Amino acid sequence: MTEKVRIRSLITGVPGLDQLLGGGLPEFSLTVLGGTPGTGKTTLAHQIMFGVATPQNKALYISVLGEPALKMLRYQQQFDFYDPAKINESIYYVNISELILNADYEGALSRITEEVTKHGPALVLVDSIRALLNLAESDKINEVEIIRFVQRLALLLTSWQTTSLLIGEYQFPDSDSGSVFTVADGVIFLTQSLNRNSVVRKIQVPKMRGHAQVSGLHTFRIQQSGFEIFPRAIVTGLMPQVRENALPPDKTRISLGSSGIDPLLAGGLPTGYSLLVVGPSGSGKTILATEFLAEGVRAGETGVIAVFEKRPNQSSRNQILNPLIRSGHIGLIEYRALDLSLDEVLHDMAVTIQKLNAKRVVIDSLSGFELSLVPEFSEDFRSSLYRMVAQLTTMGVTVLMTSELEDRYTDLRFSPFGSAFMADAILVQRYVELDGEFKRVLSIIKVRGSAHDKGIHLYDIDDSGLHVGAALVGYQGIMGGRPEFNPTL
């Protein structure tokens, strides 16, 4: 019985990529980095190269029919990962375009062999392998020689003790499967799609020999720091940073902080539950969310708030929330973009929760959250919301979500998304006309697996917060918006 050999990896350092690859690029492997035009293949290749390259692990970038090194570096130097000190010290460029265009394929292979022998790189990048195959299709005279050159190059790369990336433009990850993809140990594929006015970029790793890569499509952004990949949240297999922070829900209860609400919940909200607070504009949803976080700080618990609408310092509760944010007791995640992906939001929340070891999370609001998502996610917001709630509650945090709900007195709804069943508890706020005035009322609709108050209670909001009063007794037609007193009730 032979001893198992552990395949070592080159850690790329690209946020989220090593996780998708199952721990990094397998050492001495040959991987195709493909994708449609404009998806960022060259940028990702350079970010990997600058992340890997050291005096002990050198990198060699071979431009076959790609852009000259000076042109590529002119654009790559805008990113934070670019380090000019590594050029010609641990990163080397070689251009064999002239040899290829002159059909000197033996000379091209000799030049590559010479450079590899000279520098002894741990990582070799070839740009662009697809351009060579395109050349073969157009040059019928040298077609066989070009294809033979590609095959010999691939075999040489696999025979050297180096990890290789072959870069090329492909429409699908399995296209041209008869040549390069056949000998490749791994495939990384980038795509982008236009939906209305939003562009969604995605990455997938359909193949990675020797590693348990993460399947499926995952969104990414190209920012000042370079690529940032947001692995798709999987409820049954949490991300490593989430799993480490996971806390099993228990039956203990936590206070919401607002006077009079805890008794309606039989002593508070069970730990690890998700509470949906719905109501019309001005009903006090954000105030309740603020007091929920502030009460947690008073109890020694840190929290996180994800804001999709009004900034905390623009609200009437800034005197409570802002000092807690500045002191580090509350983590603020603020979004203004209208092209977010669900995976990006979950990634940011998971990282912040882990950083603060947060126990309470507020999402304010689901209505703003839906508007901030790219159409691909917002069109199926119910599914997106399910993934988000399941992911967060599995982490063990207690979640409070607010949602704008138009007052309709002809029907009774608890969520504009038809997804109220996803929440463990629901608190509804409404306006009613009583004695010629608008009054605010609230009611606990459900608390899963727990007893709760079933009355409809008046409440007021003042400078000190939200205060729950007595239940409306002796009235009928409350949920219709115009209660009538009936002494016989």
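Which strands does helix 13 lie across? In this predicted model, helix 13 lies across strand 15, strand 16 and strand 17. Its direction runs at about 165° to strand 16. The description below starts with the whole chain, turns to the sheet, and then returns to the helices.

The chain has 489 residues, and buried residues make up 53% of them. It contains 16 helices and 24 strands. Contacts between residues at least 6 apart in sequence were examined for their separation along the chain. Of these, 69% join residues at least 24 apart. The chain exposes about 21,900 Å². Carbon and sulfur atoms supply 51% of that area.

An open sheet of 9 strands shows mixed pairing. The strand order is 16-15-17-18-14-19-20-21-22. Strand 16 (330-334) and strand 22 (465-471) form the edges, and each pairs on one side only. Neighbouring strands are turned by 25° against each other on average, direction ignored. Strands of a sheet pair through backbone hydrogen bonds, either parallel or antiparallel. Both senses occur here, as the pairs below show.

Strand 14 (residues 274-279) and strand 18 (residues 398-404) pair in the parallel sense. Their pairing extends over 6 bridges. Within this pair, leucine 276 stands opposite methionine 401 of strand 18. Helix 11 (residues 285-298) packs on the sheet. This helix touches strand 14, strand 15 (303-307), strand 16, strand 17 (360-364), strand 18, strand 19 (425-434), strand 21 (457-462) and strand 22. The direction of helix 11 makes about 165° with that of strand 17.

Antiparallel pairing links strands 19 to 22 in turn. Strand 19 is joined to strand 20 (residues 437-447) by 10 bridges. Tyrosine 431 stands opposite arginine 440 in strand 20. The two strands form a hairpin with 2 residues between them. In that turn, aspartate 435 has a positive phi of about 55°. Strand 20 also pairs with strand 21, over 2 bridges. There, leucine 442 stands opposite histidine 457 in strand 21. Strand 21 is joined in turn to strand 22 by 5 bridges. Aspartate 462 stands opposite glycine 465 in strand 22. A hairpin connects strand 21 to strand 22 through 2 residues.

Threonine 402 lies in strand 18. Is this residue, threonine 402, buried or exposed? Threonine 402 counts as buried because its relative accessible area is 0%, under the 20% cut-off. Its side chain makes a polar contact of 2.6 Å with the side chain of aspartate 364. Leaving aside neighbours within four places in sequence, threonine 402 is in contact with Val277, Lys285, Ala289, Ile363, Asp364, Ser365 and Leu366. Aspartate 364 thus appears both as polar partner and in the contact list.

Arginine 298 offers a second case, in helix 11. Arginine 298 counts as exposed because its relative accessibility is 58%, over the 50% cut-off. A polar contact of 2.8 Å joins its side chain to that of glutamate 295. Arginine 298 and glycine 257 are 41 residues apart in sequence. Their C-alpha atoms are 9.5 Å apart in space.

Helix 13 (residues 342-356) has 15 residues. From its first C-alpha to its last, the helix reaches 21 Å. This is close to the 21 Å expected at 1.5 Å a residue. The buried residues of helix 13 are Leu342, Asp343, Glu344, Val345, Leu346, His347, Met349, Ala350, Thr352 and Ile353. Asparagine 357 follows the helix, with a positive phi near 55°.

Glutamate 344 belongs to helix 13. Why does glutamate 344 count as buried? Its relative accessible area is 9%, under the 20% cut-off, and therefore glutamate 344 counts as buried. The side chains of glutamate 344 and arginine 221 are joined by a polar contact of 2.6 Å. Not counting residues up to four places away in sequence, glutamate 344 touches Thr219, Arg221, Phe230 and Tyr335. Arginine 221 is thus named both in the polar contact and among the residues touched.

Methods
Residues are numbered from 1 along each chain as its sequence is written. This is a predicted model: local features need pLDDT of at least 70, side-chain atom pairs count only at pLDDT 80 or more; totals for chains, interfaces and linings use all residues. Side-chain values use heavy atoms; hydrogens and water are left out. Helices (H or I, at least four residues) and strands (E, at least two) are DSSP runs, numbered from the N terminus. Buried means under 20% relative accessible area, exposed over 50%, partly exposed in between (1.4 Å probe, protein chains only). A polar contact is a pair of N or O atoms within 3.5 Å; within protein, one must be able to donate a hydrogen and the other to accept it, and residues adjacent in sequence count only if both atoms are side-chain atoms. Contact means heavy atoms within 4.5 Å. Accessible areas come from the Shrake-Rupley method with a 1.4 Å probe; for residues, only the protein chains shown count as cover. The expected span of a helix is 1.5 Å times one less than its number of residues. Two strands pair if DSSP finds at least two bridges between them. Axes are lines fitted to C-alpha atoms, for helices over the stretch in contact, and angles run from 0 to 180 degrees between N-to-C directions.
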